[in-house]
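Q: Please take a close look at a single part of this model, the open sheet, and describe how it is put together and what lies against it.
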Amino acid sequence: MPQQNLSIWEVGNLVISSDAEVTNEICREALKQSQLYLQQQFDAGSPIEELVYQRASFVDEILNQIWQQHISDDTPVSLVAVGGYGRGELHPYSDIDVLILLDESVSDAPPESLSSFLTQLWDVGLEIGHSVRTIQECRQQAEDDITIATNLLEARLLCGASELFESLQKLTVTNKTWDTRRFFELKRQEQLDRHQRYNDTANNLEPNIKESPGGLRDIQVVNWVAQQHFDVKNLEGLRQKGFLANSEYETLQKAQNFLWTIRFALHHLAGRKQEKLMIDFQRELAKKLGYKDDDSRLAVEKFMKDYYRCARSVRQMNSLLLQLFEETIILADEPREVKVINRRFQSHNGYLETINPGIFAYYPYALLEVFLILQQNPELKGVRASTIRQIHAHLHLVDDSFRRDIKNRSLFMEIIRQPKGVTHEFRRMNELGVLGAYLPEFGRVVGQMQHDLFHAYTVDEHTLFLVGNLRRFSCEENREEFPLCSEVFNQLPKPEILYIAGIYHDIAKGRGGDHSVLGVVDAKAFCERHNLSDYDTSIVTFLIRHHLAMSTTAQKSDLEDPTVIKKFADLVETTERLNYLYLLTVADIRATNNNLWNGWRDSLLKQLYHSTHQWIEHTEAQAKSTREKSYKKYQEAMQKLLAKGRIQEDIGKLWHAYDLDYFLRHSVDELVWQSEQRLDHIDEDPLIALRKHNDQQTLEIFIVTHDRAGIFAAITAALEQCQLNVLDAKINVTNEHDALNTFIVNGDRLDTRQITRSLEKQLANTSHVKPYSPTITPRTMKLFKTQPNIEFETNLQQNHTVMSLHTHDRPGLVSAIAQVFLACKVQLINAKINTLGDQVEDIFFITTANENALDELEENALKEQLLSSLSQ
């Protein structure tokens, strides 16, 4: 165990005499040995707080020793630690911030020895952040910048003129630099802004353990406000002042130690200052901290669940304490305004509170009534801190008996059925632990993360985002954002069915097995407990069992094939179910991660929704065969082109070489646009046309060139060289041997000139196409290596083979596949490229060179070549 005030020279087995000069080599060796020592002690299980303080003590010794070698005792200068170092807390690679405090007498000409002092600090390997100021300059800059004022609150004298430091303390701390009220308001706003930068959630895939909501900064904000107003320096001081109960102090102290442990280990693993808990460190940290895999969950998922729960505790306590501080600092002199709401609750200066501390003990149902009152009284600012504490103290009352009580069940359903406030109150119920207590199955997924790049949030956070998305569909002010969703939502007879399905759709994640099957059991039990009819229950369970069906069909199937629409319509059965499922699917995708939703997915889901709706309603607009559908599109596109002034004879001559498959696989809008491009550039080869597709990050590219081997390989190599993701591809060859290629792509940077040049270059040399092979693979893609899974299915009706490929994502993947198709003489007629974080689930509709489905030997040969290529 590390000993308090252990000397850095002892740790390094270095003998330093009081009058000997400490060389750079000795200091570097001492710092190196001290880091090794602290790492060994960490691995041995020493208390983290001792290690953090010991690290600061080691640095103190080095700075003192070097200071004495450069600065004489009579020089009117002080060396002051500020920031985290000022608190005496240092992690292995934390910032070492110091202030060199000058007396006015030397401010114009600081001692030259200060420069040599700072130089030696850098020479020995200490990355020092320093400022040089007089006391008056400190005061002035602190008045202008709250960050500087905050740093000075934590100032600690290291060496030099003590009277100078005392004068600084009197001027900036004793005589407050900032008005306490203003300091509090700015720090609170600073925190709100910081939280927004992290999507106002602690449950991100790669949280920042210092800056994210629920991170160490939230604890520091509490300490800064307490220090400014109450003259206490730490959590213990707040406990002594009565702001923290013993249990709250222990919770917060335990959370801080856990976060310190993670940060300390993270710095050592990274070998540098590292605050972002990146996914490539999470596995190693879990192992280092003693977590182990089991049959249902990975060690890293257990570790991250503990982190998210810890962050939630910190955020809860931060909110509670800042509200208490607000009452003490901001509202102390304002008149007390109390408005009775009912026999159990009242409004206290805009916050909901119980009329007396025994309310929850006498009326346990009030633990749910809190949230209903907040929904019905939107002018309330929230729950008063004293009432939050009472909720925490009475959560044990939410037991099986509580859940069986018809009054509590009715209250919960009333909360779900409210026209406003559903999202806010579900989120508040989760933050206060009430939602997980009332629905224990939900409590089990609080903080549950899936260790991949697809799911950006924990299950509970994703679920609440999903419910929030559903609510947005009901709000008139958001109608322009998702007009179809808003229209469909307004047709729902019972929106609460949708919310219940949203809450339960991922409830069984982390248990092993199919979560959509296991979730049905929990959802059905909920519906029975809350007296939903058999009909409503059947809709809820259908939505949970098949909540992935619509996105899977839209992104993996040929939506122009009537048999696909019939199969999906047979699953859905009614337009009512279709409406619920469509809304749930859109909300689910948008709540999974910020990059998943795009115009392409939006258009696919809309197409599937409308086609299925027409099929169920037996409308004449819905063709029942591929031939009928092709002919309908032919006629509609012809009419639109004629309306644009095009000549029927020219159109007929162009289309004469097309087969029915071309009309089947393209929308009417595509048929019109592509035909106009060809009519205007009839002799151009290659013809390359581009236009925006639904959103600013998605492009539709139409490429016409003489048919030959290597076109698909050339196009995909060109597109991937431009850092574009291929989402969809359709290839048709006319009777005149022209290849018509339609690609949907997206990317962060859409440079149409660069794309056109890249395509022209590759198409000019299709006989020697090289796949795109980047020299650098993104760090996250290296973590999730999946053995490729390839399956084939023959579509006898249309005489082609459907190949599905599931593997890990990597740059150049599609062009590598295209090279294999080229080598195996396989023709692509359609493709759907579906990237889900670190994984891809791609569907390719392929034929032989003779336009037939592949036989078993051809499938095996293609599979062997693909596995060989993708394993490189």
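A: The model is a predicted one, and the description below begins with the sheet as a whole before turning to one pair of its strands. Four strands make up this open sheet, arranged in the order 3-2-1-4, and their pairing is mixed. Strand 3, which covers residues 128-134, and strand 4, which covers residues 156-160, stand at the edges; each has a single partner strand, and therefore one side of each is left without a neighbour in the sheet. From one strand to the next, the twist averages 25°.

In general, the strands of a sheet pair through backbone hydrogen bonds, and they do so either parallel or antiparallel. For strand 2 (residues 96-102) and strand 3 the arrangement is parallel, with seven bridges joining the two. Within this pair, L99 stands opposite S131, the latter belonging to strand 3. Helix 6, made up of residues 135-144, lies across both strand 2 and strand 3, and the direction in which helix 6 runs is at about 110° to strand 3.

A separate strand can be followed at the level of one residue. H348 has its place in strand 6, which spans residues 345-348. With a relative accessible area of 9%, H348 falls under the 20% limit and is therefore buried. Leaving aside residues up to four places away in sequence, H348 touches R336, E337, V338, E353 and R384. With one of these, E353, the contact is also polar, side chain to side chain, at 3.2 Å.

Definitions and conventions:
Residues are numbered from 1 along each chain as its sequence is written. This is a predicted model: local features need pLDDT of at least 70, side-chain atom pairs count only at pLDDT 80 or more; totals for chains, interfaces and linings use all residues. Side-chain values use heavy atoms; hydrogens and water are left out. Buried means under 20% relative accessible area, exposed over 50%, partly exposed in between (1.4 Å probe, protein chains only). A polar contact is a pair of N or O atoms within 3.5 Å; within protein, one must be able to donate a hydrogen and the other to accept it, and residues adjacent in sequence count only if both atoms are side-chain atoms. Contact means heavy atoms within 4.5 Å. Two strands pair if DSSP finds at least two bridges between them. Axes are lines fitted to C-alpha atoms, for helices over the stretch in contact, and angles run from 0 to 180 degrees between N-to-C directions.
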